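Q: Hi, could you walk me through this structure in plain words? I have not looked at it before.

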Amino acid sequence: MTESRHPDYRKIYFVLLALLVISVAGPFVGIRWITLITAFGIAVVKARLVVQNFMHLKWEKRIVKWMLASSLALMALFFTAVAPDVMKHSGRNWVNDAALAATQRGIAAPGAEGGREGAAAEPAAGAVVVAAAGFDARAAFSTICASCHGAAGGGDGPGASGLSPKPAKFSDPAFWAGKTDAELLKAIREGGAAVGRSATMPAWGSLYDEAQARALLAFVKTLARP
Amino acid sequence: MRASRPIATTRSATGIPTGRLAVWWVLASEVVIFGGLLASYLMHRLGHPEWANAAAVTNTWIGAFNTLVLLSSSFTAVLAHQAAEHGDGKKAARFLLFTMIGAATFIGVKSFEWYHEISEGYTITSNGFWSFYYTAAGLHALHVIAGAVIMGFVARDAARGRELQRVELIGIYWHFVDAVWIFLFPLLYIAK
Amino acid sequence: MAQAAAPTHGPEDRAHAPHGPQGLLKYLWSTDHKVIAMQYLFTGMAMALVGGFMAYVFRMQGAFPGRSVPGFGVVTSGQYNALITNHGSIMIFWVAMPILIAAFGNYLIPLMIGADDMVFPRLNRLSYQLFLLSALVILASLVVEGGGFGGAWTAYPPLSTHPAYNLTPLGASLWIGAVALEFVAFLLGGINFITTLMNARAPGMKAYDIPMVCWMIVIASILFMLSVGPLIAGAVMLFLDQAVGTGFYDPARGGDPILWQHLFWFFGHPEVYVVLLPAVGIVLEIIATFARKKLFGYKLMLYTAVATGVLSFFVWAHHQFIAGIDPRMANIFTVTTLLISVPIAELIFVMIATLYGGSITLTTPMLWALSFIAEFMIGGVTGIYLGASGSDIYFHDTYFVLAHFHYTFFPIAIIGGFAAFTYWFPKMFGRMMNDRLGKIHFWGTVIPFNFIFIPLFITGIGGDQRRVFNYASFPGQAHLAPLRVMATVALLVMLAFQIFFFWNVIWGLRKGPKAGKNPWRSNTLEWTTDSPPPHGNWPVDEMPKVYRGPYEYGHPDRDDDYWPQNLPA
Amino acid sequence: MERLIPQASSYAASVDGLILLITVLVGFWFLVAQGMFFWLIWRFRAKPGVKTQYVTGEEKHLKRWINIPHALVLVCDVVIVIGAIQVWYNIKLRLPDADASVRIIGQQWAWVFQYPGLDGKLDTDDDRYTTDDLYVEKDKTYHFELQSRDVLHDFSVPVFRLKQDAIPGRTITGWFRPTRTGTFDIQCAEICGLGHGVMAGRIHVQDASQYAAWVADARPASDQ
């Protein structure tokens, strides 16, 4: 075992405790930059004391210092290069609408209890949903459903070739035999697996609410051929 | 060269004992694991001033108490190292025991704190701040638990005077866990 | 008794062979670095067969969409996505890394630096066990309910985080779990490699006497260690998003999907060099041996490799030029990306220069090593198109990208792997392989390889997107269909020729002539012990000492054209 | 390039020009290196009785053979970087004045296009929507606002040499100027789930009269 020196650990310990007291007391001054210094400046000093003396980095070979320094430097690099995309909410030719909206909501309603469960009703994915100027079931069908179920509901859309089991044929009367509205609505909003049919039928509940799903179902019924 | 196996483990071309070298490499990789998480947190925190509302809920006094506990446990860990280097395994084991008690206190206080926060409705899914809060502190707590368990084995050996060099190794790891908390404390508790 | 191989136990136990009649469990429990290397090697090969089968299935679908694939059936779009995702993940994480780094790193480092084992044999064993577990988890993820994860190996959220979007909640969670487990396994392995090389070198072996392949594996391990950390943190966040419902990457809840891309590529780009460098090291060893030449500028090459490694941390966002990062950042990353071509070009030049003045024998391993250089150059130069932001607008995520990285990964993992396997086979099993079968296998692999990916370069230039299971929806690409068929046919030919490899291995193991200690008349230390080396590598009192560098071929003062490292002057 | 895929936007030719520039510079080095490589293999094949030369690679006159190409590669890199940044600046950073605008919304697995209608403003009552078919006029500069409803998508028009990811929660602005009439493919170039392979759209570039006819046909969104 190599000989390593031992400083007076008790002294260092008491310095650490004193620093802890300062960092807790800092915010009571109520000035932002003082808080930042007492919080993070002191954290750096404390960590340095611990690393240098308790971990004996002071007496360690140079290569170890290089190892740790390079991992820290890499993290600084990571932060610098990623912050323009993640920390900033807008840049050249792009805007992070969702983050800006979240920030505004949070600042407008500081009493939102710091994010208590259910306190802030978040909108569904994509705060920038197209203006829902009246729901058009036909357009929705051709947008979403037709790629597999076919433009005329024949189960022959371009996506159908690769699917197994095959997508439902709405034009086929056999499909409608014994189906209830509740079951079909469930299939639209919760996916095929929810009603024991093909799991490749996705759940559209995030896109269509109950009323829209009903409108969609009403349209799909018009595709049935006698 | 005395002919006995294993040979590789006993060589030391760098002059640093192999075990200690390995611990430093473990820590270098831990630095980037925690670094990646904390860098991500920092970006979000700076980009979302509204998270201050959530941060205001955390209890600085509990955080400060836990910092005190970890600093003290680090102190006893380094005293254990000193004792081990003087060949006093019994004393080293006793100091390690103090450190483990510190770890248990830390985890106990942490569970108490989390229990209260969760019962008040602040869970990991509440919002971004709370997600990072539970993830970062949780990852750290896992390190505390793992360190304490390993320390138990080291202390058992040390009490019998065996593998005394391991007291230093677990100590280095423990101080690292301490240093991580030194940064987590202002990041999660003080900055409101 | 063999169980007592742990380093804390008595010395006499270690003489026992770790594997024997005690069965498979004992074999799995061995701490001998050679046994663990074999475990990695054969697990990697088995996974390569799985990955190869996947390639067969989705290439068949790509060429003949909608037809039933023999041995699989009709490929649905969900299955197609799962196949390409797991092909990519398996080939990189469960084939390239275990074979190049873990298997040959484990096998070669202790032998080449004259040690009896790794410095932490039990940690080594744990590393393999975790790796095996991760391999089982990824295989399990393919057959769970809902099917395997289909969000591509980059696993961009929100597709990878929301079950409603990816429809494979269980597959996605198992996938991220397997990847994270694999990272931990390689972290443990990497620590072992690094400390072994740093500390356990034979007496007399200075830094510049270390064989290049050891350096390369260790540099790769360091790169891996320093880059994977953020992704482990990111994987935890991704897993929590999937399993608990946090919103780290969910824009509607204050998260950011771009963050994952950065975390992923901060690891993902150095990862390319993590697998490249060991392959380069392997090729250098083989070239030096069969050209009977000292490497052209040992230090130059070492510094170049380090420079490549350092630069590789500065280029990651070139994978994200058009992925929504701020366009101003793209300029910076274009500059750094093209800068990295300088050390890579240097590396290639030095490899070529090593041939100058040599005496080249084209054995099977040498053919593999030389073809690595030739093929990798194609991968290297096509990378420039993608690193330059302006042309990447067009090429991003086309088949051009796909062909480009297969021209890097195929030479690295497959050619490099075969080169190493054929070169060290005599050492590992004590018998020679058949040169004629080896050459048939070589040409039967390398020629079809070019016929797979050159057509795909052209389809990429023609605008074919990756990860499209059926081009029926894109009439503008219809004229490229014959090229897709050509690539698939070439793949079938290449897969068929792999039979010669397995035939050769079996022939070599059963009937191959005895290899002796040093069949290639090479300098490095692993050739100074028996083939296969005994447990402990050398008798306890005959551990080698090192007197010179590893590449002293054709030294003017000697009659022999080689000069082993351990011969006293 | 032209043979494989037509150029149909104002900047397509500049992208192809950059690709050609890279091909020339890189192709030269590639041929030199491969030529040297195969020549060396042939020239220094093993011959009985010929001993290898002992070259350490430290000799100045030999090192030149590495260092000079090395410097030249760096020069080529600089040329490529300048070219690449010019093209990139023109397509992604610059935003020329718009004649018209359109909002492009990706969702699993379709494209929705929102046109400003007659008043030229988005998000008003006369906005028009189409799915999977985008109608634009030749020789007009378009600004697009790219959004996504669910996962990442990528709006890619190969004939325009245009590609940009759509990210949920963000709006990314870009531009294009069609220069050739016809109907071309729109692809999704970022894996977006099961239907990624069928997430196709078509862009109809029309001349002024055709486009005017299409606009005259315009009705409110609900009649689509």
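Q: What is C:A413 in contact with, leaving aside its neighbours within four places in sequence?
A: Leaving those neighbours aside, C:A413 is in contact with C:M91, C:V95, C:A96, C:I99, C:L100 and C:V275, where contact means that the C-beta atoms of two residues, placed from the backbone, lie within 7 Å. Please keep in mind that this is a predicted model, in which local features need pLDDT of at least 70, side-chain atom pairs count only at pLDDT 80 or more, and totals for chains, interfaces and linings use all residues. Residues are numbered from 1 along each chain as its sequence is written, while chains are lettered from A and ligands numbered from 1 in the order in which they are written.

Q: Which residues touch the most other members of the largest nonpolar core?
A: C:A413 is one of them, together with B:L96, C:A96, C:C214, C:V283 and C:A419, in a core of 384 residues. Such a core is a set of buried Ala, Val, Leu, Ile, Met, Phe, Trp, Tyr and Cys residues joined through C-beta atoms within 7 Å; buried means that 20 or more other C-beta atoms lie within 10 Å of a residue's own, against 12 or fewer for exposed, with partly exposed in between.

Q: OK, and where does helix α3 of chain C bend?
A: That helix, residues 77-112, bends by about 50° at C:P98, the bend being the angle between axes fitted to the seven residues ending there and the seven starting there. Helices (H or I, at least four residues) and strands (E, at least two) are DSSP runs, numbered from the N terminus.

Q: How many residues of α3(C) are buried?
A: The number is 35 of 36, so α3(C) is largely enclosed by the rest of the structure. It is followed by C:G114, which has a positive phi near 70°.

Q: Switching topic, how many residues do chains C and D each give to their contact?
A: Chain C gives 82 residues and chain D gives 74. On the side of chain C that touches chain D, α10(C) gives the most, with 18 residues.

Q: And what is chain D made of?
A: Chain D has three helices and 10 strands. Its radius of gyration, taken over C-alpha atoms, is 25 Å, well over the 17 Å that the globule rule gives for 224 residues, so chain D is more spread out than a compact globule; that rule is 2.2 Å times the number of residues to the power 0.38. Of those 224 residues, 46% count as buried.
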